[in-house]
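Here are some notes on the model, set out as numbered points. They follow the order in which I went through the structure.

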Amino acid sequence: MSVLVFADSTEGKFKKTAFEVVSYGKKVAEQLESNLVVLTINATDASELHKYGATKILTVANDSLSPFNAKQYAAVLTQVANKENATVVVVDSSIDSLYLAPIVAVNLEAGYASNTVALPTSTSPFTVKRKAFSNKAFSNTVITTDKKIIGLAKNSFGIHENPAEGTTENFDAEIATSGIKSESIERVTGKVTIADADTVVSAGRGLKGPENWPMIEELAEVLNAATACSKPVSDLGWRPHSEHVGQTGKPVASNLYIAIGISGAIQHLAGINASKVKVVINTDPEAPFFKAADYGVVGDAFEVIPQLIEKLKAFKAA
Amino acid sequence: MKILVCISHVPDTTSKINFTNNDAEFDKNGVQFVINPYDEFCLTRAMWFKEKQGATVTVVNVGGTETEPTLRKALAIGADDAIRVNTNPADGFLVAKELAAVVKNGGYDLVLAGKESADYNGQMVPGMLASLTDFNFINGCVAMEVEGTSVTAKREIDGGNQTVTTNLPLVVGGQKGIVEEKDLRIPNMRGIMMARKKPLQVLEPTGAAASTSISSFEKPVPKGAVKLVDADNLDELINLLHNEAKVI
C-alpha cells in the first residue's frame with residue numbers, strides 16, 4: 001500500500017504547489033501508515049523533493065511527454081498507481097493537474113475529491129474538507145471507493161520542509177496514444193503568474209481607465225507580485241481576461257492580496273477569499289471589501305499608490 | 001454536427017450560501033437558480049455552430065424536476081431539445097456516468113460542458129465523461145473552431161495559451177473566452193414562447209453509483225474587523241504587513 005504524489009513541473013521546473021503536495025502526501029502516508037511514492041515527469045532535478053519528505057521518487061523522462069498531455073500523463077500516473085499499489089493519489093490544483101485527475105479517476109475507478117483544503121479528518125470513513133459553492137463554504141466529503149484521489153487546493157496546506165533520505169529511480173512508462181496534438185504554446189515570460197504568485201495586486205473600475213495601470217504594474221513589480229483585475233475591468237477590455245479574478249475568473253489563493261479601487265462584489269470576494277491576507281484601498285469607506293479585508297486604507301488610489309510604491313521601495317532597500 | 005451541451009442548475013452567483021438540516025443540506029430557500037455560468041459560455045458557442053455551420057443542439061441535465069426551468073431557459077436561448085436524467089446528482093462521477101450513457105446512445109459529435117459548476121466546483125465531469133466515452137478531451141478551452149471533423153482549439157495554461165488540434169468526437173471543458181461575456185444570449189419573448197413547445201425528454205438513470213458523499217457543510221469562520229490605516233500613514237501599513245501579517 002502506498003500514497004502516490006504527483007509533483008507537477010513546467011519546462012522541467014517544479015512549481016511551489018509541487019512542494020506543497022509532497023509535504024501533504026508525507027503526512028497522509030503517516031496517517032495511513034503507508035509508503036510515500038512521489039512521481040515526476042520530465043523534471044530537471046527531482047532530488048529537490050527530498051527536502052519536503054519524499055523518500056521514494058520515481059522519475060519519468062520521455063520527450064514524447066513534452067509538452068504536457070493530459071491523457072498521456074494520466075496513463076503514466078495510472079501505471080505507477082497500479083504498480084505501487086497506491087490507495088491514495090495526491091495531485092495539486094494546477095491547470096494541468098485539474099485536466100488529468102478526472103481521467104486518472106476513471107482509470108482507477110477512484111473517487112476524486114478536488115479542492116481539498118486540509119489533511120483527512122478521518123481515514124475510516126475517509127473524510128476530507130473541500131471548498132464548495134465557489135469558496136463561500138466547505139463540504140466534508142467522504143470518499144467511499146477503495147482507491148482515492150485528493151486534489152489539494154493551492155496554498156491551503158503550505159510547504160513544510162521535512163528532509164528525508166531516499167532513492168530516485170527511473171520508471172519506464174508505456175506511452176499512451178493521445179488524440180490531442182500540441183501546435184504551439186504562447187506564454188508570457190518574465191512575469192509572475194496569478195497561479196504562482198505569493199502576492200497579487202488587483203485593481204478595479206476605481207482606476208478610471210486602462211491608461212492608469214502603469215502604477216499598478218509598478219506596485220506589483222516592487223512586491224514581485226502578479227497583476228489582476230476585477231470582472232468589469234476585463235469586460236470593458238481595459239485588461240486581458242487572463243487577469244480577471246473572481247468567481248467566474250481565476251481563483252486567487254495568494255499570501256497577500258491587495259485590492260485597489262475594487263468595491264468587493266460577492267462574486268469577487270468568493271474568488272479571492274482563499275488568500276491569506278487581504279488589503280483594500282478604496283475611496284468609499286462603505287465599500288463591501290472593507291468587511292472582508294484584514295487591512296484597509298480609505299483614500300484615493302491616485303494619491304495612495306504612488307506613495308506606497310515609494311515607501312515600499314525604501315523598505316525593500318533598507 | 002450533433003452537439004450536446006451539459007447544463008448544471010446552480011445558485012445565482014450573488015446567492016448567500018446557507019445550510020439546513022444540521023448543516024447536512026444546502027438551503028435552497030430564497031435562492032435563485034440559473035444556468036451554470038461556465039455552461040452558459042458553452043451554450044452560446046453551440047448556438048454559433050448551429051447558426052454558422054449547421055448543427056443540432058441538445059441540452060442535458062442530471063437532476064430532479066426542479067431543474068426543468070433551467071433547461072427551458074436553455075431552450076429559450078436556442079437549443080433544439082432537452083434531456084433530463086431523472087436522478088439526484090450526488091457527485092461528479094455519478095453525473096459523468098449518467099451523461100456517458102446519454103452520449104453513447106445519442107450519437108453526439110461534440111459535447112460542451114463548463115469546466116466547473118458554480119455550486120460544487122468539482123472540475124471533474126468533463127474529463128470523466130471524455131474518459132468514459134473514449135472521446136478526445138480539451139479542458140479549460142478558451143477558443144475553438146471545427147471544420148469537418150477537425151478541431152483547432154486554444155486552452156488556457158499557466159501564464160498563457162496552448163493551441164491544440166484534435167478530431168471529433170470531442171468533449172470540451174469550456175470557460176469564458178470560448179465566447180465573451182458580451183456575446184452571451186439572453187432569452188427573448190419569442191424564444192421563451194417557442195421553448196415551451198420544444199421537446200424535453202425525461203430519461204430514467206442507469207443507476208450509476210456515486211464515489212463520494214457529503215457528510216456535512218461548513219461556512220468559513222467569520223473574520224475579525226478590518227484594521228484601518230490612515231492614508232497619510234502608509235509606513236504603518238508596511239509595518240503591519242511586515243511585522244504582524246508577515247507577508248512582505
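1. A:Lys316 belongs to helix α8 of chain A, which spans residues 301–317. The model is a predicted one, and this applies to every point below. A:Lys316 counts as exposed because it has 12 C-beta neighbours inside 10 Å, and the cut-off for exposed is 12 or fewer. The C-alpha atom of A:Lys316 is separated by 8.2 Å from that of A:Val222, a residue 94 positions away along the chain.

2. Strand β4 of chain A, residues 35–41, is largely enclosed by the rest of the structure, because six of its seven residues are buried. On one pairing, five bridges join β4(A) to strand β1 of chain A (residues 2–6), and the two run parallel. Within that pairing, A:Leu36 of β4(A) stands opposite A:Val3.

3. β4(A) also pairs with strand β5 of chain A (residues 56–60), again through five bridges and in parallel. Here A:Val37 has A:Lys56 of β5(A) opposite to it.

4. An open sheet of six strands draws on both chains, with the order β15(A)-β14(A)-β16(A)-β17(A)-β18(A)-β15(B) and parallel pairing. Its edge strands are β15 of chain A (226–229) and β15 of chain B (227–229), each of which pairs on one side only. On average, neighbouring strands of the sheet are turned by 20° against each other, with direction ignored.

5. Within chain A, strand β16 (residues 256–260) and strand β17 (residues 277–282) run parallel and are joined by five bridges. The bridge partner of A:Ala259 in β17(A) is A:Val280.

6. Is helix α4 of chain B, residues 125–133, mostly covered or mostly exposed? It is mostly covered, with nine of its nine residues buried. The buried residues include B:Val125, B:Pro126 and B:Gly127 at the start of the list, and B:Leu132 and B:Thr133 at its end.

7. Which elements cover the buried residues of α4(B)? The cover includes α3 (95–108) of chain A. From chain B it includes α3 (92–106) and the strands β1 (2–6), β8 (110–114), β9 (136–147) and β12 (170–174). Both chains therefore appear among the elements that cover this helix, given that contact is taken as C-beta atoms within 7 Å.

8. After α4(B) comes B:Asp134, which has a positive phi, near 60°. I would note this residue together with the helix it follows.

Methods. Residues numbered from 1 in each chain as written. Chains lettered and ligands numbered in written order. Predicted model: local features only at pLDDT ≥ 70, side-chain atom pairs only at ≥ 80, totals over all residues. Buried ≥ 20, exposed ≤ 12 C-beta atoms within 10 Å, placed from the backbone. Helix = DSSP H or I, 4+ residues; strand = E, 2+ residues; numbered from the N terminus. Contact = placed C-beta atoms within 7 Å. Pairing = 2+ DSSP bridges. Axes fitted to C-alpha atoms, helices over the stretch in contact; angles between N-to-C directions.
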